[in-house]
Each structure stands twice: as C-alpha cells, then as structure tokens.
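Colleague: Could you take me through one part of this model slowly, starting from a single residue and working outwards to the elements around it? I am in my first year, so please explain each step with care.

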Amino acid sequence: MARKILLFLFLPLFATAQVETENEILRTVRTLFEGMRLGDSSMVRSTFHPSAGLQTTFMDKEGQPQFRLGDVDRFVTQMGTPHEGVYNEQIWDYQIQIDGTLAAVWTDYTFFVDDRFLHCGVNAFHLVQTNDGWKITNIIDTRRKTNCQLEATDRVQELNTFVNDWHQAAATANADAFFGAMTPDGIYIGTDATERWLRDELRDWAKAAFEREVAWDFKAVEREVYFSRDGRYAWWEESLDTWMGICRGSGVVEKQEGQWKIKHYHLSVTVPNEKIKEFKKLVGKE
C-alpha cells in the first residue's frame, strides 16, 4: 500500500517536470522563429548548437525526390541581413518526444514574407540539453505549395464541424463520407453488447442501411471536446437525439495529414436510474 501511495505522490511531480521540460524546449524553437521575424541574427544564433546542421527534402517539378544540405552560418547571416518583408513562419502545432537530454519536435508550418505565401511543410527538429539550455542540433524540413494551411483555425469549431458532418453522412446514407472519416483500424461500438466492429466490418454490417435514403439520423444536442497538448489527438462526449431517445456518444480522433480521422467511437443508450430495475427485467438480468 505504501508503494502505491508513493507512486501517486510522484506522478503529479513527474507530470509537472515533463510540462516544464516541454516548455523549455518550445521556448528554444519559438525563439528561433521570433528571431527570424525580428531579423535578429544573435537571437537566431542563440538557439543553435555549435555543430548544428540544416537539411531540406522536397519533390521537384518533375516529381523526383530531392535532398539538400544547408549551412547554419549562412542561414543566421541571411536572417540578420536587411531584407524586404518580414520572414514570418507560422507554426500550427507541435509534437514533442523526449528521452533524457534528447528531444525531437515536429511542427507543421507555413512560410510567409509579410503576408505573401511562399510554401509550407513540416519542420523536424532535434535538440539536446546543454548547460546553456536546450539547443537545436539539426533541422530538416519539407517544402510544398499545395495543401497548405494559410490561417489559424478555431479547432473547437473545426472538430464540431467534422463530427456533425460525420453524423450527417449517416443521415444522408453517404457511405464513402461516413466510413472515409474513420481510420482503417477505427473501432465503432454500438448499443448492443455484440456490436464492436472495425471500420470495414461495420461497413459490411451496415450495407443495407446505407442503401436506404437514410442509414440512421443522429443529431447532437450537446457536445464537449478536448485536445491533447500537441493538438494531434482530440476526444469528445455528446448527447444525441435518436430514434432510441437520447443516446450518449464518445469518440477519439487523430489528425492525419491535416485532417481528423476517427479512431474510436462508442454509442450507448441512456437509462434513467429509477428505471434500471425495469430495464434489468426487460433484458433478463433479474
């Protein structure tokens, strides 16, 4: 018992330390981008380890993969040299992995000069912890001009729209949209105790329903949404107006290539507490 108590005491401390470390790492990355916006070469230089490197990979106009080496000294000089416009690299999210003195940070970005769009892609950072804080040892980025995010989004509204569209796809028997919103390994748990399917199993089971004008029509009457710190995952709980009465649903989504995909959804029928005994008799549990 004492060991369990100690474990519970240390878990909050560990979580706090993890958050503090993540914030220190992000401070280094954000300082780099702030230095770029300000044209401050000293600020940019302060984020790099002396042995840091730069690389870029992209597809050329002929559709051939390319890889190019960069030079940190040249990059720092370029940032500090007077130039037209502000180097404005917008970062949309962060994914962080840490093991001791090593960290990796993955960011989606779009690069502007002032408000003029140039390209977008992903930055992959490696950082190490030093006596002077976390320093960047390497950055490799991708570059493209298509499928680029051009402005910040209201992520709550974005997720609500995604889930509402998913329910609407069932209401209009749009199988491609409904099942296309789920990952191949996505799980759907229905109201019956036997109803646990992978996506394609559900599609086979519901084939007849999606051949009708309406497969099923569930409308959300309330919903609460939540997000992971890195913005990669979200989950929600909702009340649904259905032919069965008010049901409860909960789901988990993962952002894949800039789009939400459903990993797990659980639908349940609500039974008032005062009717539980009647319900148990109805289903033969008493």
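**A close look, from one residue outwards**

Modeller: Let us begin with Ile189, which lies in strand β7, the strand that covers residues 182–189, and let us keep in mind throughout that the model is a predicted one. With a relative accessibility of 18%, Ile189 counts as buried, because the cut-off for that word is under 20%. If we set aside the neighbours within four places in sequence, the residues in contact with Ile189 are Glu195, Arg196, His264, Tyr265, His266 and Leu267. Leu202 stands 13 residues from Ile189 along the chain, and the C-alpha atoms of these two are separated by 9.5 Å.

From there we can turn to helix α4, which runs over residues 155–171, has 17 residues and reaches 24 Å from its first C-alpha to its last, close to the 24 Å expected at 1.5 Å a residue. At the N-terminal end of α4, Asp154 acts as a cap, with a side-chain oxygen that lies 3.2 Å from the backbone nitrogen of Val156. The buried residues of α4 include Leu159, Phe162, Val163 and Trp166. An α-helix has 3.6 residues a turn, so residues three or four places apart point the same way. Just after α4, Ala173 takes a positive phi of about 55 degrees.

Next comes a sheet, which is open and made of six strands in the order β2-β1-β6-β5-β4-β3, with mixed pairing. Its edge strands, each pairing on one side only, are β2 (65–70) and β3 (87–99). Averaged over this sheet, and with direction ignored, neighbouring strands are turned by 20 degrees against each other. Helix α3 (residues 72–80) packs on the sheet, where it touches β1, β2 and β3, and the direction of α3 makes about 90 degrees with that of β1. Within the sheet, strands β5 (residues 116–130) and β6 (residues 133–142) run antiparallel and are joined by eight bridges; His126, for instance, has Asn138 in β6 as its bridge partner.

Finally, we can step back to the whole protein chain, which holds eight helices and 12 strands. Its radius of gyration is 25 Å, well over the 19 Å that the globule rule gives for 286 residues, so the chain is more spread out than a compact globule. Taken along the principal axes, the C-alpha atoms fill a box of roughly 75 × 60 × 30 Å. Of the 286 residues, 35% count as buried, and Ile189, where we began, counts as buried too.

Technical notes: Residues are numbered from 1 along each chain as its sequence is written. This is a predicted model: local features need pLDDT of at least 70, side-chain atom pairs count only at pLDDT 80 or more; totals for chains, interfaces and linings use all residues. Side-chain values use heavy atoms; hydrogens and water are left out. Helices (H or I, at least four residues) and strands (E, at least two) are DSSP runs, numbered from the N terminus. The expected span of a helix is 1.5 Å times one less than its number of residues. Buried means under 20% relative accessible area, exposed over 50%, partly exposed in between (1.4 Å probe, protein chains only). A polar contact is a pair of N or O atoms within 3.5 Å; within protein, one must be able to donate a hydrogen and the other to accept it, and residues adjacent in sequence count only if both atoms are side-chain atoms. Two strands pair if DSSP finds at least two bridges between them. Axes are lines fitted to C-alpha atoms, for helices over the stretch in contact, and angles run from 0 to 180 degrees between N-to-C directions. Contact means heavy atoms within 4.5 Å. The radius of gyration is taken over C-alpha atoms; the globule rule is 2.2 Å times the number of residues to the power 0.38.
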